[in-house]
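The report that follows goes through a protein model from single residues to cores and cavities. Please keep the sequence and the structure at hand while reading.

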Amino acid sequence: MTTATAPARPAPPLPLPPPRRRRAVAPWAVGAGVFAVYAAVALRLHARFETTGYDLGIFGQAVRHYAAGEWPASELRSDGIPGLTAFPLLGDHFHPVLALLGPLYALLPRVELLLVVQAALVALSAGVVTGCAARRGVRGAPAVGLAYAGAWGLQSLVGFDFHEVAFAVPLLALSLAAYLDGRWTACAWWGAALLLVKEDMGLTVAAIGVLLIRRHLRAGLALCAGGPLAMALVLLVVLPAFSPSGAYGYLSSSSGTFGLFEGLDTKANTLLMLLLPTGLLAVRSPLLLVALPTLAWRFASGNTVYWGTSHHYSAVLMPVVFLALVDTLARLRQHRRTAAVLPAALLAVAALVTVTTAQFGPLLLARASAPSFWADAPRQAAGRAALALVPDGAVVAASNTMAPHLTDRATVYLLTPGAFAAGRPVPEWLVADDASVWPGPTAAALRAAAGYEQVHSAEGFTVWKRVP
């Protein structure tokens, strides 16, 4: 008589090490420290007039509309578009996740709130990476978390205003950490939430689905199908419906597959910088697959800014490569000497990359380590005096560096000739900063203005008031 045998079950995930109090405390400690540093540095950048209308001012106007129960719109983003007083931002990028900030902004209507939230999101992701490393038995998990927090992609994100992709950073960390922990459903839900962050996240969601197929077939297939379908719906229907032009404007910046073969030296440098903080160990993990969609659209684009390491474009790659590193380190646990040394070595590499000159100068934390960064100069005092002259509720045309300081309490346009175009409210105040070199010389805008008198000029800041 034969007995039936039960079907073989898939192998369970690698058993987790027993919990320890320090493993429970480490993620919170790392997250709190990261938040304190990045929030302080971001607020100091704003106080130094190193934030800009493009993009902090734009997002500030968007959240202000959400707080008022309106669709997100931006007067700054409408520059150069005849007859448009405010650009409907869901026709520019798809980022409904920003609606979460509306209630917070209603309680604290300051654009600095966005900078603090961004620091909190990065800190949350650092805690997730640290906690995952500890649960996987990685020795020196806090060092891995700190190396991640100091990664150049995250420094670039915090150092350049506020961007919606800050929400993608903890979502990716939570999704991939859940995958390493064997929590397949949680991995899928955190991954699916990326669709609310930006229109280009659909293929990243599909990549997470590819990882999941072997572990949880239904969740994996749902992400593989749902991610691209949602992305197509947003690109072809939602964004054109909101856009004043009736089309998604950024498709024209893509040069297709031919763009892949241009700027190969810049792209190779980006790949090297992406993997270098992990000691190249991230390539041993299948999690690196999740980075491919972002790299593909950036390298295929005709916009050369996407190819390099500047701005905020690499922030979403940092959780991917560092959790790929955690996966690799967990597999190396049996090599005790190697596993003990690697986290500290990687932290040293992260510190070296920080003090090394980046594409547009020293990275954020290197700058913040200088005492002069925190010292208040006469220029900052003069800038605050200029801003104080503008009354609440006014219509203002301001330089790029001055705009985000006014969006909370005024209707702000960029100080260009377009600010005086027909069909727009006439600016009552003009606020200029000679140090603001983009989008062009202030003199060109002032030639379009008539009937204004200068009421303030100091340290390169000038204010004009419209004569009744």
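## A buried threonine and its surroundings

Threonine 328 counts as buried, because its relative accessibility is 1%, under the cut-off of 20%. The model in which this value was computed is a predicted one, and the residue itself has its place in helix 13, which covers residues 317–331. Once residues up to four places away in sequence are set aside, threonine 328 touches Leu281, Arg284 and Ser285.

## The chain as a whole

The protein chain has 468 residues, of which 53% count as buried, and its secondary structure comprises 18 helices and nine strands. Among the contacts between residues at least 6 apart in sequence, 71% join residues that are at least 24 apart.

How far does the predictor's confidence reach? The average pLDDT of the protein chain is 88, and 85% of the residues score at least 70. Over residues 1–6, however, pLDDT stays under 50, and the model has zero contacts there beyond four places in sequence. Where pLDDT is low, the predicted coordinates should not be read in detail.

## Two enclosed helices

Helix 5, made up of residues 141–149, is largely enclosed by the rest of the structure, because seven of its nine residues are buried. These buried residues are Ala141, Ala143, Val144, Gly145, Ala147, Tyr148 and Ala149.

Helix 6, made up of residues 152–159, has seven buried residues out of eight, so this helix too is largely enclosed by the rest of the structure. In helix 6 the buried residues are Trp152, Gly153, Leu154, Gln155, Ser156, Leu157 and Val158. Aspartate 161 follows helix 6 and has a positive phi, near 55°.

## Positive phi in two loops

Most residues other than glycine have a negative phi. Against that background, two loop residues deserve a look. Leucine 280 has a positive phi, near 65°, and is found in the loop between helix 11 (264–275) and helix 12 (292–300). With a relative accessibility of 45%, leucine 280 counts as partly exposed. Histidine 311 also has a positive phi, near 60°, and lies in the loop between helix 12 and helix 13. Its relative accessibility of 29% places histidine 311 among the partly exposed residues.

## Residues paired across the sequence

Glycine 57 lies in helix 2, which spans residues 53–67, and is buried, with a relative accessible area of 0%. Not counting residues up to four places away in sequence, glycine 57 touches Thr52, Leu76, Pro404 and Thr407. Alanine 29, by contrast, is partly exposed at a relative accessible area of 47%, and is found in helix 1, residues 21–47. For each of these two residues, the table gives a partner that is distant in sequence, together with the separation of the C-alpha atoms.

| Residue | Partner | Apart along the chain | C-alpha separation |
|---|---|---|---|
| alanine 29 | proline 142 | 113 residues | 8.8 Å |
| glycine 57 | threonine 401 | 344 residues | 9.2 Å |

## Nonpolar cores

Which residues have the most contacts inside the largest nonpolar core? They are Leu212, Leu323 and Val326, in a core of 102 residues. Helix 4, residues 112–135, contributes the largest share of this core, with 14 residues. A second, separate core has 24 residues, including Ala62, Leu84, Leu387 and Leu414.

The surroundings of leucine 212 can be listed in full: leaving aside neighbours within four places in sequence, leucine 212 is in contact with Tyr179, Trp184, Cys187, Ala188, Leu217, Ala219, Gly220 and Leu223.

## Cavities

The model has three cavities of 30 Å³ or more, and the largest cavity holds about 90 Å³ of space. Which residues line the largest cavity? The lining consists of Val165, Lys198, Asp200, Met201, Thr294, Trp297, His312, Tyr313 and Val316. By class, five of these lining residues are nonpolar, two are polar and two are charged.

Definitions and conventions: Residues are numbered from 1 along each chain as its sequence is written. This is a predicted model: local features need pLDDT of at least 70, side-chain atom pairs count only at pLDDT 80 or more; totals for chains, interfaces and linings use all residues. Side-chain values use heavy atoms; hydrogens and water are left out. On a 1 Å grid over the protein atoms alone, a cavity is a set of points where a 1.4 Å probe fits but cannot get out, and a pocket is an open set with protein on both sides within 12 Å along at least five of seven lines; lining residues have an atom within 4 Å of a point. Grid points are joined across faces, edges and corners, and a volume is the space filled by probe spheres set on the points. Ala, Val, Leu, Ile, Met, Phe, Trp, Tyr, Cys and Pro count as nonpolar, Asp, Glu, Lys and Arg as charged, and the others, Gly among them, as polar. pLDDT is the predictor's confidence in each residue, from 0 to 100. Contact means heavy atoms within 4.5 Å. Helices (H or I, at least four residues) and strands (E, at least two) are DSSP runs, numbered from the N terminus. Buried means under 20% relative accessible area, exposed over 50%, partly exposed in between (1.4 Å probe, protein chains only). A nonpolar core is a set of buried Ala, Val, Leu, Ile, Met, Phe, Trp, Tyr and Cys residues joined through side-chain atoms within 4.5 Å.
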